Every structure is written in structure tokens, then in C-alpha cells.
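Biologist: Could you take me through how the helices pack and where the empty space sits? I'd like the reasoning behind each label too.

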Amino acid sequence: MNAFLQRLHDAPLLVDGAMGTLLYALGASPERCLEQLVVDRPGWVAGIHQVYATAGADLITSHTFGANRLRLAHHGLEAKVREFNFKAVRLVRDLRQATGQAFFVAGNVGPVGKQVAWHDAAEAAVVAEAFNEQISALAEAGAELLLFETFSDLRELEVAVLTAKSLCDLPLVACMSYSSEGLTLAGQDAGTVTARLFALGVDVVGANCSVGPTQMVETLRTMQKAAPDGAFCAMPNAGLPERIAGQFHYPTDPEEFAAYLPQFLELGARLVGGCCGTMPEHIQAMRRVMESRGVV
């Protein structure tokens, strides 16, 4: 069995938290392409990876969420897809080699950043090629699994998954984002999404972003009903953001956030972590809960 999947079978694994939040704290401009920082400020990116690894993360995600051709084109960087994705994965792998810290390297893939007109065959082909280009680079660089996250269009996620399966045999973790009503933007519930993704051969189906840990419990419950024996991923935001003095603040503190972890595990979550607003302190708090329950 694949080493990652074997570890996941043996015990739940902890995923890292937010990247952008920490990059902004270091001085990154909201107007610039954050993915470019793997080249321009590799020390910043590697430093954040290391902080999360030290906090107890078992899985570190490459800084490549928006490193597909269509998103990079907004910054005139569409020719940098391979460079950014390859460099991002190597940063994580090099950190592991240099520090001796034990964690898996996940190639991170986000949506293309636009509403896709799937009835337009040419546009659909452009999207599929964008995923092909990015995933090829992540696999070539040595990603040990692929983490698809923050998708709101199930068809887009299915295209990304099928593209990955045509290119490599890496384990696949596929996450959608849901509203506070538990639905995707297209109105699909988590049960429908879960059934379709597992039917494609995804190894772990998950939910991330958009809502805090309270709603995540309900989403997981729906997912488990659809696939009682499935392996799930839960990575909520640190609560719903509040805009204060022009900046977003997330209200759920580390201890409160980690207190939901037992419910996540009881509902079949094998990968747990955080999305927007989650700091290394949130990951540390989750690690403490996992250790107290003897599930690490």
C-alpha cells in the first residue's frame, strides 16, 4: 500500500493551516501573486512550512493553490506554471531533508478562478489543460499526494480528478466548499458530492474553507451518511470572518477550534486541519487533542 494511505489507515493525520494569512503578516502585498513568492521570497514560504511542521502537522501542502495557467494569467505569469509548481514542491521536500522532520508532501491544487462554461468545448478543454499542466509539474517535482481544495463547482473538481488519474497514481484528496446551508454554489449537498467523488476513485473526500467548525460537523455528518466507510478530510476556517478596520479577522481561537476535533474523528475524518484564519497555534491545539486521545 502507498505509504501515505497506509499511515492514514493507521491513524488520523494533521494537515497544516493557512498560508496567505501568514504571508500577509510578513509583508506580502494583497495585490501581488502570492504563488510567485516561492521564487521571490522562498525563505518566507519555507519558514511558514517549517512553523507548521514544528506545530505538529503530518502533511505540508505546497504553496501552489493558485498556480494554474488561468489564475497566473491575471498577473502576466502564465508561462511560470511549471517553475512555480516545481519550486514549491521542492521547497517542502528540501525542508524535510534539511530538518529531518517527518511529514508528507502534498501538491496543492485549487480551482481555475472563473465560472466555466462547460457547454463550450473549447473553454472546457482549456480548463482541463490547465489542470494537466499544473498536476504534471507537481508530480514531476515529487509531490506524494494531491490535495484539491476550495472547489465550488463539482464538475470542475471532477475534471481535475480525472486529469490527475490520467497522469499519475498519486493518492487523491478532493475537497469542496459549502455554504452555511451545507450546499455548493450549484446547490448540491455534501452527500451527492461525496458519492460522485468516491465513484471516481478519490481516496479521501473532504470539505474546507467557507464555514467554521460548527457547520463542518453537520457537513461531515451528511458525508458519512452517503459513504459510511469513507475516509474524509475536514479543514474549516477559524469561524466566519469579520471585517474590522479593513481587515478580516477570524473569531475562533485555537482551543475552541480544536475542541471540535473529537466530533470530526467520530464522523470519519482521517485528515484534519484548518483553512483561512487558522494559525500554527490552531494546529498545535489540534495536535494536543489528538495526543490526549491517543490517535497519533
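What follows is a chat about three helix pairs, one cavity and one pocket.

Modeller: Keep in mind that this is a predicted model.

Biologist: Fine. Let's start with H7 and H8: what makes H7 oblique to H8?

Modeller: The axes of H7 (residues 121-141) and H8 (residues 154-167) cross at roughly 45°. Angles under 35 degrees would count as roughly parallel, and 65 to 115 as roughly perpendicular. An angle of roughly 45° fits neither, so H7 is oblique to H8. The two axes come within 9 Å, and the crossing is right-handed.

Biologist: Which residues in H7 and H8 meet?

Modeller: From H7 you have Ala-128, Phe-131, Asn-132, Ile-135 and Ser-136. They meet Glu-156, Val-159, Ala-160, Thr-163, Ala-164 and Leu-167 in H8. By class, that contact has seven nonpolar, three polar and one charged residues.

Biologist: And why is H4 called roughly parallel to H13?

Modeller: Same kind of check. The axes of H4 (residues 42-55) and H13 (residues 280-292) cross at roughly 20°. The cut-off for roughly parallel is under 35 degrees, so H4 gets that label with respect to H13. Their axes come within 8 Å, and H4 passes H13 in a right-handed crossing.

Biologist: What does the contact of H4 with H13 divide into, by class?

Modeller: Five nonpolar, one polar and one charged. On the H4 side sit Val-51, Tyr-52 and Ala-55, and they meet Pro-280, Ile-283, Gln-284 and Arg-287 in H13. Arg counts as charged, so Arg-287 is the charged one in this contact.

Biologist: On to H9 and H10. Why are they oblique to each other?

Modeller: The axes of H9 (residues 190-199) and H10 cross at roughly 45°, which lies outside the range under 35 degrees and outside 65 to 115. H9 and H10 are therefore oblique to each other. The axes come within 8 Å, and H9 passes H10 in a right-handed crossing.

Biologist: How do you know how many charged residues the contact of H9 with H10 has?

Modeller: Go through the names: Ala-190, Gly-191 and Thr-194 in H9 meet Thr-219, Thr-222, Met-223 and Ala-226 in H10. Asp, Glu, Lys and Arg count as charged, and the contact has no charged residues. It divides into three nonpolar and four polar, with Gly counted among the polar.

Biologist: Now the empty space. How many cavities of 30 Å³ or more does the structure hold?

Modeller: One. About 40 Å³ of space lies in the largest cavity.

Biologist: What lines the largest cavity?

Modeller: Tyr-178, Ala-207, Asn-208, Cys-209, Ser-210, Val-211, Met-216 and Thr-219. Strand S6 (204-208) and helix H10 (213-226) are the elements that give two or more residues to that lining. By class, the lining has five nonpolar, three polar and no charged residues. Thr-219 turns up in this lining and also in the contact of H9 with H10.

Biologist: And what makes up the lining of the second largest pocket?

Modeller: Its residues are Pro-111, Gly-113, Lys-114, Thr-150, Ser-152, Asp-153, Leu-154, Arg-155, Glu-156, Leu-185, Ala-186 and Gln-188. They divide into four nonpolar, four polar and four charged. The largest share, three residues, comes from H8, and the pocket's volume is about 180 Å³. Glu-156 is in this lining as well as in the contact of H7 with H8.

Conventions. Residues are numbered from 1 along each chain as its sequence is written. This is a predicted model: local features need pLDDT of at least 70, side-chain atom pairs count only at pLDDT 80 or more; totals for chains, interfaces and linings use all residues. Side-chain values use heavy atoms; hydrogens and water are left out. Axes are lines fitted to C-alpha atoms, for helices over the stretch in contact, and angles run from 0 to 180 degrees between N-to-C directions. Helices (H or I, at least four residues) and strands (E, at least two) are DSSP runs, numbered from the N terminus. Angles under 35 degrees count as roughly parallel, over 145 as roughly antiparallel, 65 to 115 as roughly perpendicular and the rest as oblique. A crossing is left-handed if the near helix is turned anticlockwise from the far one by less than a right angle, and right-handed if clockwise. Contact means heavy atoms within 4.5 Å. On a 1 Å grid over the protein atoms alone, a cavity is a set of points where a 1.4 Å probe fits but cannot get out, and a pocket is an open set with protein on both sides within 12 Å along at least five of seven lines; lining residues have an atom within 4 Å of a point. Grid points are joined across faces, edges and corners, and a volume is the space filled by probe spheres set on the points.
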